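Thank you for making time this morning. I would like to take you through one model slowly, going from its overall layout to a few particular side-chain contacts, and then to a pocket.

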Amino acid sequence: MKKLCFVLASFCLVYAAEAQFSTGQRMIGGQLSVGYSNTDINTTPIQKQNSSSVSLSPTFYRFSSPTRLNGFGLQYSYAHQKTGIGSPSEQTYNSHLIGAFVSQTHLQPLVKKLYFTLSGTVGANYQFQKTSSTNSPATTDTKGVNVYLRGGIGLLYQLNQRFVLSTQLNNLVSLEFGHNKSTTFNGTSSVNSTTNQVGFSTGLNGFSLNSVGIGVSYLLK
């Protein structure tokens with residue numbers, strides 16, 4: 001009995017030593033990406049196309065306990081593409097996406113400053129896009145909503161008192177629902193179409209590198 005008590009006490013001391021975070025501590029993270037491409041297609045005449053994009057996703061975290069992390073994030077992205085530039089078949093595509101999500105992550109200490117993480121995320125996105133062509137009066141507007149529930153596992157390592165490095169397997173479990181409505185205007189007439197999608201996927205039987213996310217977050221005082 002004494003040995004059991006000693007083992008339990010030792011475990012508690014090790015656990016407390018590894019719990020480097022404190023209740024109420026805050027952390028910020030996120031992602032910013034900007035891209036541009038310009039392509040010349042070797043045809044007669046030469047076909048030109050370009051595309052540009054920008055994406056911003058700030059995330060705010062708070063430790064509700066030394067081993068439980070709650071998060072809230074926002075997302076905005078914009079994509080622009082133009083094909084057949086200067087030709088009668090020139091087309092322009094513009095897309096906007098706005099979203100928000102909440103998450104909770106449980107941390108299990110492994111060794112000093114290294115944690116195994118189990119997280120769940122619930123979020124929703126709203127996207128609207130427009131496609132038009134110079135040789136046709138028709139334009140297509142598409143609006144859609146996507147709601148998702150995702151679970152993931154990963155590792156978190158506290159680099160120092162300010163920076164945290166994390167890796168996340170994003171597609172461990174994913175359940176999504178999407179609703180999209182497209183309207184094509186052609187002069188005075190219009191045609192509507194609606195699409196509903198439900199998807200469920202798991203990464204239990206393997207995963208690819210693009211399913212793994214790596215990030216750096218900043219710890220606040």
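What follows is a walk through this structure, beginning with its secondary structure and ending with the backbone.

Please keep in mind throughout that this is a predicted model, and that residues are numbered from 1 along the chain as its sequence is written. The protein chain has one helix and nine strands, and if you read the elements from the N terminus on, the order is α-β-β-β-β-β-β-β-β-β. Of the 221 residues in the protein chain, 24% are buried.

Let me turn to the charged side chains. Side chains of opposite charge can pair when their charged atoms come close. How many salt bridges does the count come to? The count is two, and I will take them one after the other.

One of them joins the side chains of K82 and E90, with a distance of 3.9 Å from N to O. The partners fall into separate classes of accessibility: K82 counts as partly exposed because its relative accessibility is 24%, whereas E90, at 16%, counts as buried because the cut-off for that class is under 20%.

The other salt bridge is between E176 and R150, where N and O are 3.0 Å apart. E176 lies in strand β7, which covers residues 163-186, and R150 in strand β6, residues 136-158, so this pair ties together parts that are 26 residues apart in sequence. E176 is partly exposed, its relative accessible area being 26%, and R150 is likewise partly exposed, at 32%. R150 has a further contact that I would point out, since this residue lies over the face of Y148, at 4.0 Å from the ring centre.

That ring brings me to the aromatic residues. A pair of aromatic rings is described by the distance of the centres and the angle of the planes. A search of the whole structure finds four aromatic pairs, and I will describe two of them here.

In the pair made by F21 and Y115, the ring centres are 5.4 Å apart and the planes stand at 35 degrees, so the pair is tilted. F21 lies in the loop between α1 (2-18) and β1 (26-41), while Y115 lies in strand β5, so the contact ties together parts that are 94 residues apart in sequence. Both rings belong to buried residues, with F21 at 4% relative accessibility and Y115 at a relative accessible area of 0%.

The pair of F163 and Y218, by contrast, is edge-to-face, with 5.4 Å from centre to centre and 70 degrees between the planes. Here F163 lies in strand β7 and Y218 in strand β9, residues 212-219, so the parts tied together are 55 residues apart in sequence. F163 counts as partly exposed, at 37% relative accessibility, and Y218 is partly exposed as well, with a relative accessible area of 32%. To come back to F21 and Y115 for a moment, these two residues form one aromatic cluster together with F63.

Now for the empty space. The second largest pocket holds about 160 Å³. Which residues lie nearest its centre? They are V145, N146, F177, G178 and N180, out of 14 residues that line this pocket. The elements giving two or more residues to its lining are β5 (114-133), β6, β7 and β8 (189-202), and among these β7 gives the most, with four residues. By class, the lining consists of five nonpolar, eight polar and one charged residues.

I will finish with the backbone. Most residues other than glycine have a negative phi, and most peptide bonds are trans. Against that background I would draw your attention to K113, whose phi is near 70 degrees, a positive value in a residue other than glycine. K113 is found in the loop between β4 (91-111) and β5, and this lysine is partly exposed, with a relative accessible area of 25%.

In strand β5 itself we find Q127, which counts as partly exposed at 29% relative accessibility. The C-alpha atom of Q127 is separated by 9.3 Å from that of S77, a residue 50 positions away along the chain.

Technical notes:
This is a predicted model: local features need pLDDT of at least 70, side-chain atom pairs count only at pLDDT 80 or more; totals for chains, interfaces and linings use all residues. Side-chain values use heavy atoms; hydrogens and water are left out. A salt bridge is a side-chain nitrogen of Lys or Arg within 4 Å of a carboxyl oxygen of Asp or Glu. Buried means under 20% relative accessible area, exposed over 50%, partly exposed in between (1.4 Å probe, protein chains only). On a 1 Å grid over the protein atoms alone, a cavity is a set of points where a 1.4 Å probe fits but cannot get out, and a pocket is an open set with protein on both sides within 12 Å along at least five of seven lines; lining residues have an atom within 4 Å of a point. Grid points are joined across faces, edges and corners, and a volume is the space filled by probe spheres set on the points. Ala, Val, Leu, Ile, Met, Phe, Trp, Tyr, Cys and Pro count as nonpolar, Asp, Glu, Lys and Arg as charged, and the others, Gly among them, as polar. Rings of Phe, Tyr and Trp (its six-membered ring) pair if their centres lie within 6.5 Å; planes under 30 degrees apart count as stacked, over 60 as edge-to-face and the rest as tilted. A charge sits over a ring if NZ of Lys or CZ of Arg is within 6 Å of the ring centre and within 35 degrees of the ring normal.
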